[in-house]
Amino acid sequence: MIKRIRTVLAVFTLVVSCARAGIDLQNLDRAVKPQDDFFRYVNGTWLKTMTIPPGESRWGSFTELRERNWENVRAICEEAAAKTSGASAIERIVGDFYASGMNEAAVNAAGVTPLQPALALIAACRTPADILLAQAHLRLLGVTAGFSLSAGADAKDSNRELAQLRQSGLSLPADGTLSDRDYYLNDDDKSKSIRTQFVAHVAKMLELLGDSPDRAQAGAAAVLRIETALARGELSRVQLRDADLNYHKLPVAELAKNDGGLDLAPYFSAIGAPAFTEVNLAHPEFLKAFTAQLASAPVADWQAYLRWHLVLTAAPYLSAPFEDENFRFYQTVLSGVKEPKPRWREVAAAVDGSRSDGIAGIEGGVGEALGQLYVAKYFPPEAKASVLQLVANVRAALRERLQNLEWMDAPTRAKAVAKLDAFTVKMGYPDKWKDYSAARITRDSFVLNVLHARGLQVKRDLAKIGGLVDKSEWNMTPPTVNAYYSVEVNGIAFPAGILQPPFFDPQADDAVNYGGIGTVIGHEMTHGFDDHGRHYDLHGNLVDWWTPESAAKFNERAAGIVRQFSSYTVLDGVHLKGELTQGENIADLGGLKVSFAAMEKALAGKPREKIDGFTPEQRFFLSYAGVWRDAFTPAEQRRRVNIDPHSPGEWRTNGPLSNLPEFWAAFDVPEGAPMHRPAGERVTIW
Ligand SMILES: [Zn+2]
């Protein structure tokens, strides 16, 4: 099979592949034994010799690929921006967006002027009802304050788009989906110090917006008060994983009963949502907290809060004083980044619109316009066909595992297999592309391009309420170096960006590709059966299809994973959060298991040659551990532990491998060795 890939993908290789095929042996530290610490054996020399670049908070294989990939995106953007005549509509949108961001002089000269209409609207608020309307207006610029209204598949009727009212509107340690209530509620010195610095930062930003120092101080204190009160009503990040805790469908007319009498109708109409009769009040306690604050906090406090959220969203795209102060707090204080990235890099990221930290999906940008240019240049159709074959092989291996799982009873096994068989696969890029002409992208204002693109996404999303779910839509842009499983679609998706070395290399041997992209494919597939995904059926509906016996056995195994990962320390006294990361850890373990099995099948009957002295099985694990080579600044490590459901690379490697007999066999790991978990603690799920 790999020979076929080689022939077919010759073009792909010439264009994309800049790393050499295979495994970089110079990163190995041969003084460390594989059985003691496999992560350090594979990556030890790299760890000893690398320094995290001053513009980064983490560095490793993943980030190296991401940065190389941004260079590719940059080339596309520059080419589009340079075309003064003969540009296609898509090239014009991408080129104009990019050019507006690279015109630093214009960005600096405009200062805060582009935000004036929104600031005037906030300033004109006199009552809580006005605040709600201003909040709706800001949402149409992609600013999430207070709560969020969006469309999302009804968890119990996954073909229907349901209005979703969710908690939102905090800004630590990041805004929107990555905020975390614990930053407001924890009482340790570190948390208190971050809050003190947060208030100073908000005050500085309000001053930049034109407030006097006294007014800015008072405003910043109000922001912390409101956000803390909202945080008290929020679910924790672990609770957000529990599908039932996040599902409370009710008639819209009943909302007022649940939220203490708040009339949201004017908000719904101001935001331009189509009329709807049902809503998922995902977080009732949050809406109560919001309503209580809206009624009790002075309007002036809410005005400060809205001004803050507007500038929080806009700051990275505004003039230098805003950009610098935003960088200082969010990048340096919270993530330990020493220097800003080059301007082109930030601008390219804004054009793409993916969240920069690579945890959550898309927030604006024109990523599918950019994506069309990207795949035309970097991802020929032949590449798609070849990775689809890998997917088929890994899927077959998982199917076989499911059919033979000793701990799952026959009725549950049959349903699990049916769910796997119903999986859809998205590869590289969408079949139909989004249109961005309504975003009004021009060369005139970078920040307005960003806000209008974000607003267009919000409008497009809201328009879906009450309609049918379009399961062909993507939650990542084609250049993204990442992949995902979607519970409501019951499908996996691999953007073109991740189909490059070190994950996928058509020139490399099977072991490299199965240890790389194969484990990612298996990882995404097993998300359909992890602590979260297992609660959804083959149609993407929240339905319990497990017998109580099989569910109990799964939970027992998952608890073993939680215990194991909670025992790992990443910094002085900071442990991984086993519950928060369990879905990803389960997926890593499952991904390794099924991709390894798929590789063994692919190798059957072929001559088994050693390369550089390593067997294919050994190279599989070398490839895997190389993919997860990474290092973090201490500040970023701390932030990630709190909000990132993924474990750091060291534990993504040593955690699952210490449970895996296939790994022990490949490297002759004896019982009693650190990488060989004793029988009582060992976890096997898939
Ligand atoms: Zn995952």
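This report walks through the domains, the zinc site, the nonpolar cores and one pocket of a predicted model.

## Two domains

Let's start with the overall layout. The domain assignment splits the protein into domain 1, made of residues 2-71 + 380-430 + 473-667, and domain 2, residues 117-317. Between the C-alpha centres of domain 1 and domain 2 there is a distance of 35 Å. The two domains also touch: 18 residues of domain 1 are in contact with 18 residues of domain 2.

## The zinc site

Which residues coordinate the zinc ion? His523 and His527 each do so through NE2, and Glu584 through OE, at 2.0 to 2.1 Å. Read along the sequence, these donor residues follow the spacing H-x3-H-x56-E. His523 sits in helix H22 (residues 510-526) and Glu584 in helix H24 (residues 582-603), so this pair ties together parts that are 61 residues apart in sequence.

Are His523 and Glu584 buried or exposed? The cut-off for buried is under 20% relative accessible area. His523 has 5% relative accessibility, so it counts as buried. Glu584 has 10% relative accessibility and therefore counts as buried too.

## The nonpolar cores

The largest nonpolar core holds 203 residues, and within it Phe38 and Phe621 touch the most other members. Helix H15 (residues 299-314) gives the most to this core, contributing 10 residues. Both domains take part, with at least three residues of the core coming from each of domain 1 and domain 2.

Phe38 is a good residue to click on in the viewer. Leaving aside residues up to four places away in sequence, Phe38 touches Phe621, Leu622, Ala625, Thr653, Asn654, Leu657, Phe663, Phe667 and Met675. Apart from the largest core lies another one, of five residues, with Met50, Ile52, Trp59 and Ala631 among them.

## The second largest pocket

How much space lies in the second largest pocket? The figure is about 390 Å³. Its lining is made up of 20 residues, and those that lie nearest the centre of the pocket are Gly22, Ile23, Asp24, Pro502 and Arg629.

Helices also feature in this lining. The elements that give two or more residues to it are helix H3 (38-49), helix H4 (61-82) and helix H25 (616-627). H25 gives the most to the lining, with four residues.

Conventions. Residues are numbered from 1 along each chain as its sequence is written. This is a predicted model: local features need pLDDT of at least 70, side-chain atom pairs count only at pLDDT 80 or more; totals for chains, interfaces and linings use all residues. Side-chain values use heavy atoms; hydrogens and water are left out. A nonpolar core is a set of buried Ala, Val, Leu, Ile, Met, Phe, Trp, Tyr and Cys residues joined through side-chain atoms within 4.5 Å. Buried means under 20% relative accessible area, exposed over 50%, partly exposed in between (1.4 Å probe, protein chains only). Domain bounds come from an automatic or database domain assignment. Contact means heavy atoms within 4.5 Å. Donors are N, O and S atoms within 2.8 Å of the metal (3.2 Å for Na, K and Ca); water is not among the atoms, so sites may look incomplete. On a 1 Å grid over the protein atoms alone, a cavity is a set of points where a 1.4 Å probe fits but cannot get out, and a pocket is an open set with protein on both sides within 12 Å along at least five of seven lines; lining residues have an atom within 4 Å of a point. Grid points are joined across faces, edges and corners, and a volume is the space filled by probe spheres set on the points.
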